Amino acid sequence: MIDSHCHLADEQFAADLGAVVERARAAGVDGALCILDALNDDEARRADGVAAAWPNAAFAIGIHPHQAGAVEDAAGGLEGVDPSVRRLLDARAGTCAVGEIGLDYHYDFAPPRTQIEVFRRQIALARELALPIVVHTREADADTVDAIRAEGGGDVQGVFHCFTGDAAFARQALDLGFHVSFSGIVTFRNAAAIREAAAIVPADRLLVETDAPYLSPVPFRGRRNEPARVAQVVDKLSAVRGVDRDDVIEATRRSYGRLFGGRAVRSMPRERRVDARRATVV
Ligand code: NI
């Protein structure tokens, strides 16, 4: 199993990272995409520990919509978005995506126009570097799709992470050519619409994730989440889709490899990494 989205460099894992990785391995989780906040230097330092503890972890780096206001207020302003994310992508081995980026109108941390600007600049960067994007969207479906269409121009691949939309929105994501990733939310009792969406996503666009340390699946709700619990997401998708657990594992592993390049591209310099990623998109 691959956990396609977790925050392993979060301070909540600082004390027992080794044990967390060990439990993931024991549960059959043999890879993860670790999301890093481009504005968090402490997290960047802890990410070195993640890379050491789990060589199969890859990294995505981006400015989260919650941070859009902070960027606008910083010295470089919005002009600083591209150079700061670009510098971090270049500096870390194993980076394979720009994310998580997107729009969040539920929390009012920055006005929509600022969030859209920060999002679009990072889509443009991903397009230039031929990297996929990891998209966070909440109560902003139409603007999110518009931004990807306008700035991505059909060239940018990516995933709607921690999908919480219905089947109709899943179809919009698929129409963009995007993948759809389900988290522990799919196990929640009141998530019938999300399970309907999970039933219609084709196997070759399907991903699973934990979003750890957040969003523990049933029966661990309310406790710190960790990559080992992507197993509960796999189990639920297997039930919802009426297929074997192994089929879900195989399909999501392939999707992950196609979208992010997988392990093979981890340690390559960027130029070759991009070529290799293209070469593996079959
Ligand atoms: Ni996340």
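What follows is a chat between a trainee and a mentor about the structure above.

Trainee: What kind of model is this, and how are residues numbered?
Mentor: This is a predicted model, where local features need pLDDT of at least 70, side-chain atom pairs count only at pLDDT 80 or more, and totals for chains, interfaces and linings use all residues. Residues are numbered from 1 along each chain as its sequence is written, and side-chain values use heavy atoms, with hydrogens and water left out.

Trainee: OK, metal site. Which residues coordinate the nickel ion?
Mentor: His5 and His7, each through NE2, plus Glu100 through OE and Asp211 through OD, at 2.1 to 2.3 Å. Donors here are N, O and S atoms within 2.8 Å of the metal (3.2 Å for Na, K and Ca), and water is not among the atoms, so sites may look incomplete.

Trainee: Why is the arrangement of those donor atoms called irregular?
Mentor: The 4 donor atoms subtend angles of 86 to 178 degrees around the nickel ion, which makes the arrangement irregular. The cut-offs: four donors are tetrahedral if all angles lie between 85 and 135 degrees; four are square planar and six octahedral if opposite donors are over 155 degrees apart and all others between 65 and 115; anything else is irregular. For reference, ideal angles at a metal are 109.5 degrees for four tetrahedral donors, and 90 or 180 degrees for six octahedral ones.

Trainee: What spacing do the donors follow along the chain?
Mentor: The pattern is H-x1-H-x92-E-x110-D. One pair links distant parts of the chain: His5 sits in strand 1 (residues 2–6) and Glu100 in strand 4 (residues 95–104), 95 residues apart. Helices (H or I, at least four residues) and strands (E, at least two) are DSSP runs, numbered from the N terminus.

Trainee: Are His5 and Glu100 buried or exposed?
Mentor: Both are buried. Buried is under 20% relative accessible area, exposed is over 50%, and partly exposed is in between (1.4 Å probe, protein chains only).

Trainee: And the backbone there? What is the peptide bond from Gly99 to Glu100 like?
Mentor: That bond is cis, with omega near 0 degrees. There's also a cis bond from Val218 to Pro219, with omega near 10 degrees; Pro219 is in the loop between strand 8 (206–208) and helix 9. In general, most residues other than glycine have a negative phi, and most peptide bonds are trans.

Trainee: Speaking of phi, what is it for Asp211?
Mentor: Near 60 degrees, a positive value in a residue other than glycine. Asp211 is in the loop between strand 8 and helix 9, and counts as buried at 8% relative accessibility. Ala130 also has a positive phi, near 55 degrees. Ala130 is in the loop between helix 5 (112–129) and strand 5, and is buried too, at 12%.

Trainee: Switching to pockets. What volume does the largest pocket have?
Mentor: About 870 Å³. Of its 35 lining residues, the closest to the centre are His64, His66, Glu100, His136 and Asp211. On a 1 Å grid over the protein atoms alone, a pocket is an open set of points with protein on both sides within 12 Å along at least five of seven lines, whereas a cavity is a set where a 1.4 Å probe fits but cannot get out; lining residues have an atom within 4 Å of a point. Grid points are joined across faces, edges and corners, and the volume is the space filled by probe spheres set on the points.

Trainee: How many of the lining residues are nonpolar, polar and charged?
Mentor: 11 nonpolar, 13 polar and 11 charged. Ala, Val, Leu, Ile, Met, Phe, Trp, Tyr, Cys and Pro count as nonpolar, Asp, Glu, Lys and Arg as charged, and the others, Gly among them, as polar. Strand 2 (31–37), helix 2 (41–53), strand 4 and strand 5 (133–138) each supply at least two lining residues.

Trainee: Take Leu36 in strand 2. What is it in contact with?
Mentor: Leaving aside neighbours within four places in sequence, the contacts of Leu36 include Ala9, Glu43, Phe59, Arg92 and Gly99; contact is heavy atoms within 4.5 Å. Leu36 is buried, at 4% relative accessibility.

Trainee: Last one: where is Gly242?
Mentor: In the loop between helix 9 (230–241) and helix 10 (245–260). Gly242 counts as exposed, at 64% relative accessibility.
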